[in-house]
Amino acid sequence: MMRLDGVRDESCGFCYRPSPASASIPAGRSPMRPRTIILPLAIVGLAIAGWSGVWAWGSNRAEDAVQRWLAAEAANGRVIQCGERARGGYPFRMEITCSKPMVELRDEARPYQTYRFETLKVVSQIWSPGHVISEWTGPMTVVTEGDPSVTTATWRLAQASAQLQIGGYDSSNAVIDGLEVVRDGVVLVKAARSELHTRPNRTDPVSVDVVASLKQATFAARPMAPVDAEIQFVARKLLRTPSRPQVLPVRQWMAAGGAVDLVLLRLVQGPALAVAKGSLRLTPEGKPDGEIELRVANVEAALQQTGLGATLGPLAAGAMTMASRPTEVEGKPGRIFTLRAADGRLQVGPLRIGLPTIVP
């Protein structure tokens, strides 16, 4: 017979309601006490409060680092300002958003230049604070003091990242997709993709290894086939110190013995191919000085694409032959040219051409 423990409820005949004894916790199980709930909640609350404190401390440190960097850049003639700056990203990253950023290049030897953007966002993950990612929103406008012309750049995506470490940086990278540069309504440059990668030179920490590339680039100088370009070089003596990865102004770089070791320059335009290597520096007068070895496959196509054929006229092929010797370029027949820059002139074989002043 089934037994029902409880108190009879007279209002519903044979209904029973549980008695206090029968409503207790089954045998073998302890009753839940308040501290069983409160203790885990307290631990979680303390963890959240501690993490919030760590995030706030890290965010303040990041803000201080930004302020020191801005001050250092301003001292070197690169003034960077934000219309408004906001912090965010809690709980797992640190994020700084700069609206209407402006970069002003101040150099007493040349007119000031002002660069204006729409938005700059800088993000760093809390577990990897040394990895900083930034994204620029265009358009960018460039104005030069005393020049009424305005240059505008637009793009689909512009991102940069840097691996920072104590006492310097490990590497930096930048990518721009769909770049277009327009000056007073005239398209100057279009490129499907452009990249820039840098890192400190392993044997000389104040020098920088640079790799850059352009894909499907066209220029407004004249109608021509798109160009694919890749360049690798070492910028000697470019940084102020290994622990302060700040780029020296051009004249200070020149005074420090700065030079460019060209490891590889590769240009492909239609059927034409050019590969170069060598070394260049700037003289105290601001003119190039050094030597470049240039190898060109399909010289006729290169003359046509660059416009030199039309400039030199019927003498173009003969002049190129006089100034070069036969060679092979990536398995193709071509010519090798030695370009020597000295005393303000460029010599290519028997040809001598005056060089402009790059730095006034």
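Which residues does Trp-253 touch, not counting residues up to four places away in sequence? Select Trp-253 and show its surroundings: Arg-236, Lys-237, Leu-238, Leu-248, Gly-258, Ala-259, Val-260 and Leu-282 are its contacts, where contact means heavy atoms within 4.5 Å.

Before moving on, note that this is a predicted model, in which local features need pLDDT of at least 70 and side-chain atom pairs count only at pLDDT 80 or more, while totals for chains, interfaces and linings use all residues. Residues are numbered from 1 along each chain as its sequence is written, and side-chain values use heavy atoms, with hydrogens and water left out.

**The cores**

Now add Val-208 to your selection. Together with Trp-253, Val-208 touches the most other members of the largest nonpolar core, which has 16 residues. Such a core is a set of buried Ala, Val, Leu, Ile, Met, Phe, Trp, Tyr and Cys residues joined through side-chain atoms within 4.5 Å; buried means under 20% relative accessible area, exposed over 50%, and partly exposed in between (1.4 Å probe, protein chains only).

Next, colour strand 15 (208–219), strand 16 (227–236), helix 2 (250–255) and strand 20 (272–282), since each supplies at least two residues of this core. Helices (H or I, at least four residues) and strands (E, at least two) are DSSP runs, numbered from the N terminus. The core lies between domain 2 (184–264) and domain 3 (270–359), because both give residues to it; the domain bounds come from an automatic or database domain assignment.

For a core apart from this one, select Ala-272, Met-320, Ala-323 and Ala-341, which are among its 14 residues.

**The salt bridges**

The whole structure holds 14 salt bridges, each a side-chain nitrogen of Lys or Arg within 4 Å of a carboxyl oxygen of Asp or Glu.

Go to Arg-193 and Asp-177, whose side chains meet at 2.8 Å, N to O. Arg-193 belongs to strand 14 (residues 186–200) and Asp-177 to strand 13 (residues 168–183), so this salt bridge ties together parts that are 16 residues apart in sequence. Arg-193 is partly exposed at 31%, whereas Asp-177 is buried at 15%. Add Glu-195 to see a network of salt bridges linking Asp-177, Arg-193 and Glu-195.

Then return to Arg-236, one of the Trp-253 contacts. Its side chain forms a salt bridge with Asp-261 (2.9 Å, N to O). With Arg-236 in strand 16 and Asp-261 in strand 19 (residues 259–269), the pair therefore ties together parts 25 residues apart in sequence. Arg-236, at 24%, is partly exposed, and Asp-261, at 23%, is partly exposed.

Finish at Arg-295 and Glu-293, a salt bridge with its closest N and O atoms 3.2 Å apart.
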